[in-house]
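Welcome! Please take a look at the sequence and the structure below, and then let us walk through a few of the residues together.

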Amino acid sequence: MEGKTHAAIGMATGVVLACGMGESADVAVLGLTVVSAVIGSLLPDIDEDGSMINNFLFPSLKRTYRSFALAALGALMVLFYFLKGLPTWVLWLGLYAAAVAYVPHRTVTHSLLACAYVGWVVYTIAPTYTWAVVLGYLSHLIADTMTSAGVPYLWPYKKRFNLKGFGVKVKTGGAGDHLIGTVAIIVAALGFVYLVGQVLYDEALTAGWISP
């Protein structure tokens, strides 16, 4: 599916997670939860030079140089970890960037193994947002399962799983892709309205403007 569709699904995932966790009491945590889910939903396509995540990371670089830039960034993070004694997560993140820079599209990054690794790294950085990133990541895999190409969930076992047997074959950039993105945006918008309402309600209670 297109990057904007994955981002929309990630946003909806983050909003639903925030609603379920009752994050309306802290607007900053709410916002970062949604942002984390969106980032997670885009990460699997870091193996594609023209993906939205790579357009964000390397906006001024030509597509042909982006894999090299990602590998170089990962190598530098590993080097600085050893030279400067940086936190361990810098090492793990650097290894991930270097490892996936030149892998074929929809292989290791589209697996449960990669999702677990990313989730673990996020846990070492900011535990509060682990589930947001993991669920965002999984939302990408599930969405791509609806395409004909499918997803190798159990990589390095190469079998790809899809829903063609159930008649589901969403074409990237097609009407189905756009419909899913639109529905996700609507869900996210409704969730935002609910959360903003909760924030305003909590503020009104605290100020004594209304009674519980």
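Keep in mind that this is a predicted model. A good place to begin is helix H1, which spans residues 3-21 and holds threonine 5. Threonine 13 lies in helix H1 too. Threonine 5 is buried, at a relative accessible area of 2%. Threonine 13, at 19% relative accessibility, also counts as buried, because the limit for that label is under 20%.

What do these two threonines touch once residues up to four places away in sequence are set aside? Threonine 5 is in contact with Asp177, Ile180 and Gly181, while threonine 13 touches Leu135, Gly136 and Ser139.

Now for the rings. The model has five aromatic pairs, and two of them are shown here:

| Pair | Arrangement | Centre to centre | Angle between planes |
|---|---|---|---|
| Tryptophan 92 and tryptophan 120 | tilted | 5.3 Å | 45° |
| Tyrosine 117 and tryptophan 120 | edge-to-face | 6.1 Å | 65° |

The tryptophan 92 and tryptophan 120 pair links distant parts of the chain: tryptophan 92 is in helix H5 (residues 88-100) and tryptophan 120 in helix H6 (residues 112-125), 28 residues apart. Tyrosine 117 and tryptophan 120, by contrast, both lie in helix H6, three residues apart, or about one turn of the helix.

Are these rings buried or exposed? Tryptophan 92 is partly exposed at 25%, tyrosine 117 is partly exposed at 26%, and tryptophan 120 is partly exposed at 39%. Together with Tyr96, the residues Trp92, Tyr117 and Trp120 form one aromatic cluster.

One more ring is worth a visit: the charged end of lysine 159 sits over the ring of phenylalanine 161, 5.5 Å from its centre.

Note on methods:
Residues are numbered from 1 along each chain as its sequence is written. This is a predicted model: local features need pLDDT of at least 70, side-chain atom pairs count only at pLDDT 80 or more; totals for chains, interfaces and linings use all residues. Side-chain values use heavy atoms; hydrogens and water are left out. Helices (H or I, at least four residues) and strands (E, at least two) are DSSP runs, numbered from the N terminus. Buried means under 20% relative accessible area, exposed over 50%, partly exposed in between (1.4 Å probe, protein chains only). Contact means heavy atoms within 4.5 Å. Rings of Phe, Tyr and Trp (its six-membered ring) pair if their centres lie within 6.5 Å; planes under 30 degrees apart count as stacked, over 60 as edge-to-face and the rest as tilted. A charge sits over a ring if NZ of Lys or CZ of Arg is within 6 Å of the ring centre and within 35 degrees of the ring normal.
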